[in-house]
Amino acid sequence: MRGGDIETSGLFSYVSCEARVPGGHPLRAIRAIVDEALEVLSPDFERMYSPIGRPSIPPEKLLRALLLQAFYTVRSERQLMEQLDYNLLFRWFVGLAMDAPIWDVTVFTKNRERLLAGDVAAKFLSAVMGQSRVKVLLSDEHFSVDGTLIEAWASMKSFKPKGGVEPDDSDDSGSPGTGQGVEPVPQGRNAERDFRGEKRSNATHASITDPDARLFKKARGQAARLCHMGHVLMENRNGLVVDAMLTHATGTAEREAALAMLERMDGRHRITLGADKAYDTAGFIAALRGIKVTPHVAQNNNGRRSAIDGRTTRHGGYAMSIRIRKKIEEIFGWAKTSGGMRKTRHRGQDRVGWNFTLTAAAYNLVRLPKLLAEA
């Protein structure tokens, strides 16, 4: 017998979000790790908020929602709020009841700024990696480092001279080709712009949209783009992120960031550090050896002499580090596709860096349930 296409709705519903989420869903294991890390951060949250006044969005719920944005490639916070309204899985992960109201997107964004000021993303990453069950998965001797470009939320038309004087593409009449002093026709906010013959560099130009963005390219033959540079320090046993940071895109940023992340490691003993050819400079290699780090850096013999000699390459561990360090590209690949970091949605180095670090933590959370099950 064919059933009728009749919409029915009960007066009351006694099914919770918890009952709707399957017992074997991957987010259940992730939620347990996240809740343990947020419990560690609770004293930091207490210091960030005033004991009086109107209650804000709980920072725990806000962080869980931002993690969902990275897990499911939600392209904006406005769309995130929309999905929280009807997606029961999202409601369960964040900690909202079936009939709980959803926050206004502007209120959500304003509360996120408070977490930015407290450097919560870096503390959250540290809290996740500091759990006892996670520590056994990490190597404490072998690490790799690399950097990647993150396209800024700024167009090339925003890259203008720092003095504020734009080159004039028209003739003396004020309108190209008329010769009669005709008033120029308004071009709109996205007017045509001809860059041919104009020399532009970071020394003379800056983006008016995102002043922290820099014009940069990583290899010859590639187009220069306005971008930031993200850096990751990875442990070599399972390829998990142990530290992340964001800097201006410069030719020396990768090596400077590597040294900065190594200095932030607590209780460090002698370790090895794998890296690509961009790190093969005499100054960087000497700096690593000065802080008791064995440089397992790929040799750059292209028209020059490598700073890595036989005392390093003769060991079997060197070849292993060179092979394993390529796993770091998986981190960047996930962050740019699923994590939405190919082109950032934020402006300013602080906001982009905060989001980059939280995305690195999200990458770890995606991989940890399977690694913990196999351990």
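This report covers a predicted model, taking in one strand and its partners, two residues, a cavity and a pocket.

## Strand E5 and its partners

Strand E5 spans residues 225-235, and ten of its eleven residues are buried. Strand E1, residues 142-151, pairs with E5 in the antiparallel sense, over nine bridges. Within that pairing, phenylalanine 143 has glutamate 235 of E5 as its bridge partner.

Two further strands pair with E5. Strand E4, residues 214-216, does so in the antiparallel sense over three bridges, and arginine 214 stands opposite cysteine 227 in E5. Strand E6, residues 241-248, is also antiparallel to E5, with seven bridges between them. Here histidine 228 is matched with histidine 248 in E6 as its bridge partner. The hairpin of E5 and E6 has five residues between the strands, and in it glycine 239 takes a positive phi near 70°.

## Serine 207

Serine 207 belongs to strand E3, which covers residues 205-207. Its relative accessibility is 3%, so serine 207 counts as buried, the cut-off being under 20%.

The side chain of serine 207 makes a polar contact of 2.9 Å with the side chain of serine 158. The serine 207 side chain also reaches the backbone nitrogen of threonine 209, at 3.2 Å. With neighbours within four places in sequence left aside, the residues in contact with serine 207 are Ala154, Ser158, Phe159 and Leu226. Of these, Ser158 is the residue that shares the 2.9 Å side-chain contact, and Leu226 lies in the residue range of E5, 225-235.

## Arginine 268

Arginine 268 sits in the loop that runs between helix H9 (253-263) and strand E7 (271-275). Relative accessibility here is 27%; because this falls between the 20% limit for buried and the 50% limit for exposed, arginine 268 counts as partly exposed.

Not counting residues up to four places away in sequence, arginine 268 touches Leu262, Ile291, Lys292 and Val293. For lysine 292, the separation from arginine 268 is 24 residues in sequence and 9.2 Å in space, taken C-alpha to C-alpha.

## The cavity

A search of the whole structure finds one cavity of 30 Å³ or more. The volume of the largest cavity is about 40 Å³. Its lining is made up of Leu66, Ala70, Gly339, Arg345, Asn355, Leu358 and Thr359.

Helices H3 (59-71) and H14 (349-374) each supply at least two of the lining residues. H14 has the largest share, with three residues. By class, the lining of the largest cavity holds three nonpolar residues, three polar and one charged.

## The largest pocket

The largest pocket holds about 980 Å³ of space. It is lined by 31 residues, and those closest to its centre are Leu125, Ser126, Val242, Asp243 and Arg264. Helix H7 (120-129), strand E6 and helix H14 are the elements that give two or more residues to this lining. H7 gives the most, with six residues.

The lining of the largest pocket comprises 14 nonpolar, eight polar and nine charged residues. Two of the elements named here also appear above: E6 pairs with E5, and H14 supplies residues to the lining of the largest cavity.

Conventions. Residues numbered from 1 in each chain as written. Predicted model: local features only at pLDDT ≥ 70, side-chain atom pairs only at ≥ 80, totals over all residues. Heavy atoms only, no water. Helix = DSSP H or I, 4+ residues; strand = E, 2+ residues; numbered from the N terminus. Buried < 20%, exposed > 50% of the residue type's maximum accessible area, 1.4 Å probe, protein only. Polar contact = N/O pair within 3.5 Å; in protein donor to acceptor, adjacent residues only side chain to side chain. Contact = heavy atoms within 4.5 Å. 1 Å grid on protein atoms, 1.4 Å probe; cavity = no way out; pocket = protein on both sides within 12 Å on 5 of 7 lines; lining within 4 Å. Points joined across faces, edges and corners; volume = space filled by probe spheres on them. Nonpolar A, V, L, I, M, F, W, Y, C, P; charged D, E, K, R; others polar. Pairing = 2+ DSSP bridges.
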